[in-house]
Amino acid sequence: MTGAPVRTLLLWCPDWPVLAAEIVDGVPATDPVAVLHANRVVACSERARAEGVRRGLRKREAQGRCPQLTVVDHDPGRDARAFEPVVAAVEEVAAGVEVIRPGACALAARGPSRYLGGEEAAAERIVEHVAQTCAVESQVGVADGVFAAGLAARDGRIVPPGGTAEFLAVLPVEALGRPALTDLLRRLGVRTLGDFAALPAGDVLARFGFDGALAHRLAAGRDHRPLAVRQPPADLTVTAEYDEPIDRVDAAAFAARTLAEQLHERLAAYGLACTRLGIEAVTAHGQELHRVWRHDGLLTAAAIADRVRWQLDGWLSGSNGRGGARPARPTAGIIRLRLVPDGVLAQAGLQPGLWGETGEERERAHRALSRVQGILGPEAVVTPVLGGGRSPVDQVRLVPWGDERLPARPGEPPLPAVPASEPAFPGGPGLPGEPTRAARSGGAARAGGVARSGGKAPVPPWPGRLPPPAPAVVLPAPLLATVHDAAGEPVVVSARLAVSAAPARLAVGTGRPAEIVGWAGPWPVDERWWAPAEARRRARFQVCLADGAALLLAVESGQWLVEAIYD
């Protein structure tokens, strides 16, 4: 418990849940509106109160009093999001704001009253600034303590210093906001806060418990805790404006080094570092350029300067519009440069690698790839990320260098080894020219998500996935192919996955046919059958050719395709 309460200024926005519904959802607050929680009214608009709607009424009774009532569900998240701009507006006038609840915030009155010319002037300034900035009506109360200031704000009143106990004494016990305690106090003959505060503190604690003792302190004008002010986020952004537009790489390099040192010093002052850096530039013709750089470690001053210099070099050395791989060069020089630190974290040093510190070779490779990105764009350097999927092309996602390497789809546990009784593929020593029906059905079972291993049948999350090993090369676009049997007839796969004949020869495009010495399949894939526009049905085969090559084939709508190549 604290001693003397702090002189507090509290800003209160009447009917805030209704205003939040108007701000976020567009519900007109000038109409009769009621916000309901657990089928009871928790807030209502002024027009609804004129029709007899009150807090605590059930939904049906409130609609009976006001048939044109608009009902809105209570959403604390919506109220908090809508109140954030109001808090930010108050922080522009006075620092050290504590959010009591959505619709009410408090701060120590001493600071703003001293530099704004008194408590009344500070209250008027804050109310006016909130109205101009957020278009929200509010009221301010000033008293000794948060509880008393909140009650004073409902009347827009400034309680004189030392007069808080007298101000609270005449208020009814319902002002405590504790219905159960209020009902009990009423039945005991305690009707005002002054009557409640006059009771001995020890007797109140013994009779009403800890919550009753806390309410007793509030009724006497003594707060139970000091203000828990929030710290506004630090402005870490650095900006530089240039009278002469920058259109040369050497001038850009000097500007990058100066601005990078300013950013690093600002971050160091707060004990912070960043892992992502946003670089923004504005040209003399108003063109806006933006790029985000990511780093796997903490960006030092030199690293920040390098990335800004590379990015400016990439922008200023772009193509002249007559073609080329580089993006178009800006039509004018840069007059404003801004660095925005992102991914800010406490400066705790770079985590060393598993086998020691990060080597110079890795750092040089990172710098080289980052510079290529600065010249050609982030999509010019990509790395693969393995994930889930039924086809090899679905299991690999290319992400720009430096971005988070997270799979777009969940993967699956590795499939168990193929039993010795079933032939391995490709290139296995026992691969027959024409697999037996048992071998083909075994492979299909594995692709369908069930593998026999020691009596257990784990079901992976991607049924229909091809059995291992994975192909070494996945073609960006499948190649057209034709497959014939020994008699020279085209091999056809029916809707029931019946193969018309054993594949004997394969011709890719217009090339010469190659003899098939082994094959396995078919493995069916029937995807998104519930969406006709996106539905896809195909069957896949693995084939081994006489020259030792192994391919992954697919037949779709009667057309054979080469999807991947095995090593």
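This report walks through a strand barrel, several salt bridges and a nonpolar surface patch in a predicted model.

## The six-strand barrel

Let's start with the sheet toward the later part of the numbering. Strands E14, E15, E16, E17, E18 and E19 follow one another in that order to make a closed barrel, and their pairing is antiparallel. On average, and with direction ignored, neighbouring strands of this sheet are turned by 40° against each other.

Strand E14, residues 473–484, is a good place to begin tracing the barrel, with partners in E19 and E15. Its antiparallel pairing with strand E19 (residues 559–566) is made through five bridges. If you would like a landmark for that pairing, look at Val-473, which stands opposite Ile-565 in E19. E14 also pairs with strand E15 (residues 505–508), again in the antiparallel sense, over four bridges. Here the landmark is Ala-481, with Val-508 of E15 standing opposite.

## Strands E16 and E17

Further round the barrel, strand E16 covers residues 514–527 and strand E17 covers residues 536–545. Nine bridges join these two strands, which are antiparallel. Within this pairing, Trp-523 of E16 faces Arg-540 of E17 as its opposite residue.

The same two strands also share a side-chain contact: Arg-537 and Asp-526 meet in a salt bridge, at 3.9 Å from N to O. Arg-537 belongs to strand E17 and Asp-526 to strand E16, and the pair links parts of the chain that are eleven residues apart. Both partners have some access to the surface. Arg-537 has a relative accessibility of 48% and counts as partly exposed, while Asp-526, at 45%, also counts as partly exposed.

## Salt bridges elsewhere

The structure holds 17 salt bridges. As background, side chains of opposite charge can pair when their charged atoms come close.

One of these bridges joins the side chains of Arg-336 and Glu-241, at 3.3 Å from N to O. Arg-336 sits in strand E11 (residues 334–346) and Glu-241 in strand E8 (residues 238–246), so this pair ties together parts that lie 95 residues apart in sequence. Arg-336 is partly exposed, with 32% relative accessible area, whereas Glu-241 is exposed, at 60%.

Another bridge links the side chains of Asp-79 and Arg-78, with an N to O distance of 3.8 Å. Both Asp-79 and Arg-78 are buried. There is also a network of salt bridges, and its linked residues are Arg-7, Glu-119 and Asp-144.

## A nonpolar patch on the surface

Not everything on the surface is charged. Val-382, Leu-386, Val-396 and Leu-398 form a nonpolar patch there, and together these residues have about 370 Å² of accessible area. Two strands contribute to the patch, E12 (382–386) and E13 (396–400), and each supplies at least two of its residues.

Leu-398 is worth picking out in your viewer. Leu-398 is found in strand E13, and its relative accessible area is 55%. The cut-off for exposed is over 50%, so Leu-398 counts as exposed. As a general guide when you look along a strand, side chains in a regular strand alternate between the two faces of the sheet.

Methods: Residues are numbered from 1 along each chain as its sequence is written. This is a predicted model: local features need pLDDT of at least 70, side-chain atom pairs count only at pLDDT 80 or more; totals for chains, interfaces and linings use all residues. Side-chain values use heavy atoms; hydrogens and water are left out. Patches are made of residues with over 30% relative accessible area and no salt bridge: like charges are joined within 9 Å, nonpolar side chains (Val, Leu, Ile, Met, Phe, Trp, Tyr) within 5 Å. Accessible areas come from the Shrake-Rupley method with a 1.4 Å probe; for residues, only the protein chains shown count as cover. A salt bridge is a side-chain nitrogen of Lys or Arg within 4 Å of a carboxyl oxygen of Asp or Glu. Buried means under 20% relative accessible area, exposed over 50%, partly exposed in between (1.4 Å probe, protein chains only). Two strands pair if DSSP finds at least two bridges between them. Axes are lines fitted to C-alpha atoms, for helices over the stretch in contact, and angles run from 0 to 180 degrees between N-to-C directions.
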